[in-house]
Amino acid sequence: MLNNLGLEHYLVLSAILFAIGLYGTLAKRNAIIILMCIELMLNAVNITLVAFSRYVTPELLTGQIFAIFVIIVAAAEIAMGVAIILAIYRGIESIDATKINLMKW
Amino acid sequence: MIANYGYIGLFLIAVILFTLLMVTIPIALRFLRIVPDNPNPVKNSIFECGMETIGKTWVQFNFHYYFYVLIFLALDVLVIFLYPWAVSLRQLGISGLITILILITIIFVGYIYAWRKKVLEWK
Amino acid sequence: MNLALFIPELTLAVFALLVILLDLFTEQKRLLVQVSVSGLVISAGVTLAMWGESFPAIFNNMLAVDNFALFFKLLLLGVAFLVILASISYTQKFARFQGEYYALVLLSTLGMMLMAATTDLIAIYIALELTSLSLYALVGFLKDSKSTESSLKYLLLGAIASVVLLYGMALIFGFTGQTQLGEIARVIQAMSPQTILSFPALTLGLVMLITGFGFKIAAVPFQMWVPDVYEGAPTPITAYLSVASKAAGFALILRVFFSAFGLPEWLSLNWGIIFAFLAVIGMTLGNIAAIPQTNIKRMLGYSSIAQAGYLLVGMAAMGFSPVVDILGRSSIIFFLTSYALTNMGAFIAIIAISNKLDSDLIDDYTGIGKRAPLVALALTLCLVSLIGMPPAAGFMAKFYIFSAAVRSNLLWLVIIAVINSVISAYYYLRVVNVMWLGKAASEEKISSPGTLRLGLVLSCLGVLLLGIIPGFAMLLAEFAARIFVF
């Protein structure tokens, strides 16, 4: 029934998700939520990759392999991010990004 | 184009009707005095399975869970690579096997590291 | 698949794992340094043995083994060696975690070597992230509030930049259906300009690529992390970031833009203009913001933003000139080599001085010329090289880059760059002035460990050598720039 769901729909979806994630990284104060927004952006890119892979090069799996690598790198990135946030929390008892301001200009 | 969304609209209407129906039935039954109405504290308490909660739900989790998550994450990531390899085991042959063994060795070094750093012990 | 061509990278990976394991089972921490250095030496030896010959790309055309990649591998291995030399006395600040430190240095070097060699979008992303993830951890190694803060800033901004880069890659993949740079070039060249311009995907993807790469090389306006991270990070890692990260980033940009988007010419003109614009604001903002700084690490941070601007002049020259002209490319390679030696020398001198003073403030450097004359002399030489005055390497590097730009009809850009060099002399010479003419706080001599002295001598010799007889190095750079497999 949804046969004419085309490439553009996926691209628009992923662009919207990417924009939401980008807004979150810029506007949110909680460092964990910023990390979650970055994750959202990565997944938006994954949608783009898989959609292109399905519609542009249906006979190849390049885009999907790319997406798998992105997922793995994202996992490593988040693990690293949470570790650093924990180290910050030990120091200032807060993960509010606006309070992490020892150095400016 | 729009017609395709008609199905979604139908589903939406069906869902709303069904939900309303399910909410109305017990109210109607009580109104018709078919269901007895005698409340007590146990009946009025929040319906929840398991133990009653103690204290607030916004507690900090023990720091050590983080290491467990990391150890789990390593396996998780390993599995993502193992599945595609396992599916095309025969085509990839011996070079694929060697690659996977290298990957497992790297993860294994990670586990040795975790073990020597006493992450696996609960202090 | 020919694994023999992958031995330099494999060696580093094996030695990194070996360092981690050794650290767990031995108390002899000196051993870790020896093992990491031997890993670097073996890897460099194998790379050197491959120099000059041409090899096919390996892993289904994902990694090129051309002389361009080999040159950068040698450069990066050399820088990593100097960083480890500089770290030996510094690691006392985190004695418990030495194994992790050296292993991460090796792993990020591995990532950068891959960055210089990759010819495939997937491999580029993975190499970038391998480098970045190791560096995020290294920046936070001191575990004090400044170090962790800079690490968090680096991680969050770096993650956003790499996501933007990734989105650009996804768009380019969607536009061409390819991830291999040579294949992308073939698809683009087969299209008419109207087709390319009627879809925004390629243009948007290119801009996003420039954004992501610009973050790595600290180009304005993607430079916000640089001063904070340079100030907070352990000083050897600051040196490593400023030199190796930038060299690998430029190697990547050169390869991507040359082999995938070098033709047709109207396209290269377009990204050339973007790079020219980035160069102008990079040089100007870096130099002006460096003037009021009081912390020498922070000052060198802004200085590295400005240097990225000079390098981008070379990129603009590359975009504006026809593909056959190799002066743009080879001048960037020469500049990166001289900048690597110069900045390593400057940072090793800073480590030697700051370790004793326990301060990075420029005001505390008063009278260092009398307390540690040789170190101060070396630092002076490096700062002079950063300004771009003879006889140091920086002069020749700027000379080559500017002449490449002039040859590509970018005289206006060169004029701006020269004005900027004059401005930059002010803040570099202020440090020199404070060191030699200021009154010393005490008469006590500052002695530095032998490893630091060795590193300092090596890098200063390199600076002088490149400055006095640049012809040989320029020949090497041209050789590396000529043989580009795509």
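Two residues are in contact if their C-beta atoms, placed from the backbone, lie within 7 Å. The model is predicted: local features need pLDDT of at least 70, side-chain atom pairs count only at pLDDT 80 or more, and totals for chains, interfaces and linings use all residues. Residues are numbered from 1 along each chain as its sequence is written, and chains are lettered from A and ligands numbered from 1 in the order in which they are written.

**Exercise 1. State how many residues of chain B and of chain C form their contact, and sort the chain B side by class.**

Step 1. Chain B contributes five residues and chain C four residues.

Step 2. Apply the classes: Ala, Val, Leu, Ile, Met, Phe, Trp, Tyr, Cys and Pro are nonpolar, Asp, Glu, Lys and Arg are charged, and the others, Gly among them, are polar. The chain B side then has four nonpolar, no polar and one charged.

**Exercise 2. Describe the fold and spread of chain B.**

Step 1. Helices (H or I, at least four residues) and strands (E, at least two) are DSSP runs, numbered from the N terminus. Chain B has four helices and zero strands, in the order α-α-α-α.

Step 2. The radius of gyration is taken over C-alpha atoms, and the globule rule is 2.2 Å times the number of residues to the power 0.38. For the 123 residues of chain B the rule gives 14 Å; the radius of gyration is 28 Å, well over that, so chain B is more spread out than a compact globule.

Step 3. The C-alpha trace of chain B spans about 75 × 55 × 25 Å along its principal axes.

Step 4. A residue is buried if 20 or more other C-beta atoms lie within 10 Å of its own, exposed if 12 or fewer, and partly exposed in between, with C-beta atoms placed from the backbone. In chain B, 0% of the 123 residues are buried.

**Exercise 3. Do the same for chain A, then place Asp96(A).**

Step 1. Chain A has three helices and zero strands, in the order α-α-α.

Step 2. Its radius of gyration, 18 Å, is well over the 13 Å that the rule gives for 105 residues, so chain A too is more spread out than a compact globule. Buried residues make up 32% of chain A.

Step 3. Asp96(A) lies in the segment after helix H3 (62-92) of chain A and counts as exposed because it has 12 C-beta neighbours inside 10 Å.

Step 4. Leaving out residues up to four places away in sequence, Asp96(A) touches Arg29(A) and Asn30(A). The C-alpha atoms of Asp96(A) and Lys28(A) are 9.1 Å apart, with their positions 68 residues apart along the chain.

**Exercise 4. Which element gives the largest share of the side of chain C that touches chain A?**

Step 1. The contact takes 31 residues from chain C and 33 residues from chain A.

Step 2. On the chain C side, helices H5 (121-139), H6 (145-176) and H10 (225-232) each give two or more residues. H6(C) gives the largest share, 17 residues.

Step 3. By class, this side has 16 nonpolar, nine polar and six charged residues.

**Exercise 5. Check the length of helix H9 (residues 201-216) of chain C and find what covers its buried residues.**

Step 1. The expected span is 1.5 Å times one less than the number of residues. For the 16 residues of H9(C) this is 22 Å, and the end C-alpha atoms are 23 Å apart, which agrees.

Step 2. Buried residues of H9(C) include Leu202(C), Leu206(C) and Phe213(C). Their cover includes H6, helix H8 (193-198), helix H11 (235-260) and helix H12 (265-290) of chain C.
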